[in-house]
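Please open the model in a viewer and keep the sequence panel visible. The tour below proceeds by selection, with a note on what each selection shows.

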Amino acid sequence: MPRAEEPEGINRSSTFFGAGSGATDAKGSMMRRRAVIMVAGLLLAGAARAEEDALAEEMARNPARFEARAIDLIAGFGGPGGLRLEGIEAHVALERAGARASAMRRFLAMDLDADGSVDRNELATVQHAASAQGRGRMERQFAAADADGDAVVDAGEMAAAGAAAGLAALGEEEAGLLRAMLRLDANGDGALSVAEVSAAVARASDAT
């Protein structure tokens, strides 16, 4: 029997193998997505475990200090139900803002001509009125802020110095530890109470 002619425009290799190749690509893409999700899950689990370990270590190091600091934080930044994540973030932001403002204020006090920058002549003038220790501190701060080494601390460098001071005052490790305190939220209502902190510290003390 003569072979029936195939409809014009159909290419077996493209319709059959092309579909198979597309399915294979889709399957591979799905497998890659699953692998990425699994790796991300493992990383998050590892990070959570590290936070828990750091929290336990901090409580064990000085239980009374940890409890007092947590209670102060709850009193200062918690609501009626206790301390929530937004309260912790507010504390972190305020601490960093205070340190940032102090660092920038020091440079603004040296900006004698109010042009928004501090050069070495201005630094030298201000140093005359400072103690020996103060002169050394000013020199060190000026050199650290003068990122491009042009002997002028401009507005951008002042802002960068302020940001660095903020992170130095309360770094990401400490901020992470503060956020991890919410793991002590025993009833799972999203807020940490004084009673929950005290209970957690008592458990940690009993375990050591």
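Helices here are DSSP runs of H or I with at least four residues, and they are numbered from the N terminus. By that numbering, Ala 144 belongs to helix α5. The model is a predicted one.

**The whole chain**

Begin with the entire chain, coloured by secondary structure. It contains 8 helices and 2 strands, and their order along the sequence is α-α-α-β-α-α-β-α-α-α. Next, colour by accessibility: of the 208 residues, 26% count as buried. If contacts are displayed for residues at least 6 apart in sequence, 62% of them join residues at least 24 apart.

**Helix α6**

Select residues 155–169, which form helix α6. Does the end-to-end distance of this helix agree or disagree with what 1.5 Å a residue predicts? The 15 residues should span 21 Å, and the end C-alpha atoms are 21 Å apart, so the two agree.

Move to the start of the helix and show side chains. There, an oxygen from the side chain of Asp 154 comes to within 3.1 Å of the backbone nitrogen of Gly 156.

Now pick out the buried residues of α6: Glu 157, Met 158, Ala 161, Gly 162 and Gly 166. An α-helix has 3.6 residues a turn, so residues three or four places apart point the same way. Which elements cover the buried residues of α6? The cover includes α3 (85–108), β1 (118–119), α5 (132–145) and β2 (152–153).

**The pairing of α3 and α6**

Keep α6 displayed and add α3. The axes of these two helices approach to within 7 Å and cross at roughly 140 degrees. Because angles over 145 degrees count as roughly antiparallel and 65 to 115 as roughly perpendicular, with the remaining range above 35 degrees classed as oblique, α3 and α6 are oblique to each other. The crossing is right-handed.

To see the interface, show side chains on both helices. From α3, the participants are Glu 95, Arg 96, Ala 99, Arg 100, Ala 103, Met 104, Phe 107 and Leu 108. They meet residues of α6 including Met 158, Ala 161, Gly 162 and Gly 166, each of which is also on the list of buried residues of α6. Other α6 residues in this interface include Ala 159, Ala 163, Ala 165, Leu 167 and Ala 169.

**The loop after α3**

Select Ala 114, in the loop between α3 and β1. Its phi is near 55 degrees, a positive value in a residue other than glycine. With a relative accessibility of 64%, Ala 114 counts as exposed.

**The pairing of α4 and α5**

Hide α3 and α6, and show α4 and α5. What angle do α4 and α5 make where they pack? The angle is about 160 degrees, with the axes 10 Å apart; α4 and α5 are therefore roughly antiparallel to each other. This crossing, too, is right-handed. On the α4 side the contacts come from Arg 120, Leu 123, Val 126 and Gln 127, and on the α5 side from Arg 135, Met 138, Glu 139 and Phe 142.

Within this interface, centre the view on Gln 127, a residue of helix α4 (residues 120–128). Is Gln 127 buried or exposed? Its relative accessible area is 13%, so Gln 127 is buried. The side chain of Gln 127 reaches the backbone oxygen of Arg 135 at 3.0 Å. Beyond neighbours within four places in sequence, Gln 127 is in contact with Arg 135, Met 138 and Glu 139.

**From α5 towards α6**

Proceed along α5 to Ala 143, which lies in that helix and counts as partly exposed, at 48% relative accessibility. Draw a distance from its C-alpha atom to that of Val 153: the two residues are 10 apart in sequence and 8.7 Å apart in space.

Step on to Ala 144, also in α5. At 65% relative accessibility, Ala 144 counts as exposed. A C-alpha distance from Ala 144 to Glu 157, 13 residues apart along the chain, reads 9.5 Å. Glu 157 is one of the buried residues of α6.

The last stop is Ala 151, in the loop between α5 and β2. Its phi is near 65 degrees, again a positive value in a residue other than glycine. Ala 151 counts as partly exposed, at 29% relative accessibility.

Note on methods
Residues numbered from 1 in each chain as written. Predicted model: local features only at pLDDT ≥ 70, side-chain atom pairs only at ≥ 80, totals over all residues. Heavy atoms only, no water. Expected span 1.5 Å × (residues − 1). Buried < 20%, exposed > 50% of the residue type's maximum accessible area, 1.4 Å probe, protein only. Contact = heavy atoms within 4.5 Å. Polar contact = N/O pair within 3.5 Å; in protein donor to acceptor, adjacent residues only side chain to side chain. Axes fitted to C-alpha atoms, helices over the stretch in contact; angles between N-to-C directions. Left-handed = near helix turned anticlockwise from the far one by under 90°.
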